[in-house]
Amino acid sequence: TASSSRFVLSRVHPMWQEPLAIPGGDRQSPINITMRKSIYDPHLQPLSIRYDPRTCQQIWNNGYSFLVEFDDTTDKSTLRGGPLEDQYRLCQFHFHWGESNAWGSEHTVDRCLYPAELHLVHWNSEKYSLFEEAVMEENGLAVIGIFLKVGKRHDGLQKLVDALPAIRHKDSVVEFTRFDPGCLLPSNTDNYWTYAGSLTTPPLTEAVTWIIMKQHIEVSHDQLAVFRSLLFTSAEEEAQKSMVNNFRCQQPLRGRTVRSSFS
Ligand SMILES: OSc1ccc(O)cc1O
Ligand SMILES: [Zn+2]
């Protein structure tokens, strides 16, 4: 309920100190999506999401989240359509989550908080030749956001959950291959919201076309608990800090329109 989310948000500290001002920050992320204010756009094309499990390479703890990284040197795992004019290449996916199931997502829908949120990060391989280039450009990135709810076990996720103890500490990495990120998509990917925003971790660049799925996926309580067993800290550091609440606080809409692919 609204009151619980108000209580929740006042209680939880964001995971890192926000820079004082983002240069020209009028399209920052994450945001709350108000359903009744989103505009149905009948011209939005269907999304074309084609992932090749052979491009999956490794999984690592970067001190903010854990990233599953892909070989993005060719157009094998791609995203096209929807609001996008160009073809984008999958380079990594990661999650954001809370210390409890009451909160953890970055985006909210009508202020509804989810326990976690998955981000599948793609870069514009028609206009740029590297992610590092695209991340500085207005139409450089496309990120699919998927809400997680606690419920039945997600069988496809288990292979990833089983790899997490090996990357408990910041900067640890292990090989992670033949994983199909398509198994993490909801059954319906036709219904989504889209808006112009930013990365939610440094460098916070305003390069992201967000595509937020209306349908969530379910994972079990125990699977999510393993996410919380990760650490923000490296093996050398004295105080070990649990990797939880690794989400950014919500940002002003600044007049932006959120479009929906459904009426
Ligand atoms: O959190 S959203 C996000 C998007 C792109 C990226 O390269 C990193 C990110 O954390
Ligand atoms: Zn993210």
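Let me begin with burial: of the 263 residues in the chain, 55% are buried, and I should say at once that what we are looking at is a predicted model. The accessible surface of the chain comes to about 12,200 Å², and carbon and sulfur atoms account for 50% of that area.

As for the overall fold, the chain has 4 helices and 15 strands. Its radius of gyration is 17 Å, close to the 18 Å that the globule rule gives for 263 residues, so the chain is as compact as a globular protein of that length. Taken along the principal axes, the C-alpha atoms fill a box of roughly 50 × 45 × 40 Å. If we consider the contacts in the chain with a separation of 6 or more, 74% of them are between residues 24 or more positions apart.

Now to the aromatic rings. With ring centres required to lie within 6.5 Å, the count comes to 11 aromatic pairs. One of them joins F70 and F93, whose ring centres are 5.9 Å apart and whose planes meet at 45°, so the pair is tilted. This pair links distant parts of the chain, since F70 belongs to strand β5, residues 66-70, and F93 to strand β7, residues 88-97, with the two positions 23 residues apart in numbering. F70 has a relative accessibility of 4% and therefore counts as buried, and F93, at 0%, counts as buried too.

F93 also pairs with F179: here the ring centres are 6.0 Å apart and the planes are at 40°, so this pair is likewise tilted. Again distant parts of the chain are linked, because F93 lies in strand β7 while F179 lies in the loop between β11 (173-175) and β12 (192-197), 86 residues apart. F179, like F93, is buried.

Stepping back from the individual pairs, ring pairs link F66, F70, F93, F95, W97, F176, F179 and F227 into a cluster. F176, a member of that cluster, has the charged end of K159 sitting over its ring, 5.4 Å from the ring centre.

Let me finish with the metal site. Which residues coordinate the zinc ion, ligand 2? The donors are H94 through NE2, H96 through NE2 and H119 through ND1, at 2.0 Å, and along the chain they follow the spacing H-x1-H-x22-H. H94 counts as buried because its relative accessibility is 11%, where the cut-off is under 20%, and H96, with a relative accessible area of 1%, is buried as well.

How values were computed: Residues are numbered from 1 along each chain as its sequence is written. Chains are lettered from A and ligands numbered from 1 in the order in which they are written. This is a predicted model: local features need pLDDT of at least 70, side-chain atom pairs count only at pLDDT 80 or more; totals for chains, interfaces and linings use all residues. Side-chain values use heavy atoms; hydrogens and water are left out. Rings of Phe, Tyr and Trp (its six-membered ring) pair if their centres lie within 6.5 Å; planes under 30 degrees apart count as stacked, over 60 as edge-to-face and the rest as tilted. Buried means under 20% relative accessible area, exposed over 50%, partly exposed in between (1.4 Å probe, protein chains only). A charge sits over a ring if NZ of Lys or CZ of Arg is within 6 Å of the ring centre and within 35 degrees of the ring normal. Donors are N, O and S atoms within 2.8 Å of the metal (3.2 Å for Na, K and Ca); water is not among the atoms, so sites may look incomplete. The radius of gyration is taken over C-alpha atoms; the globule rule is 2.2 Å times the number of residues to the power 0.38. Contact means heavy atoms within 4.5 Å. Accessible areas come from the Shrake-Rupley method with a 1.4 Å probe; for residues, only the protein chains shown count as cover.
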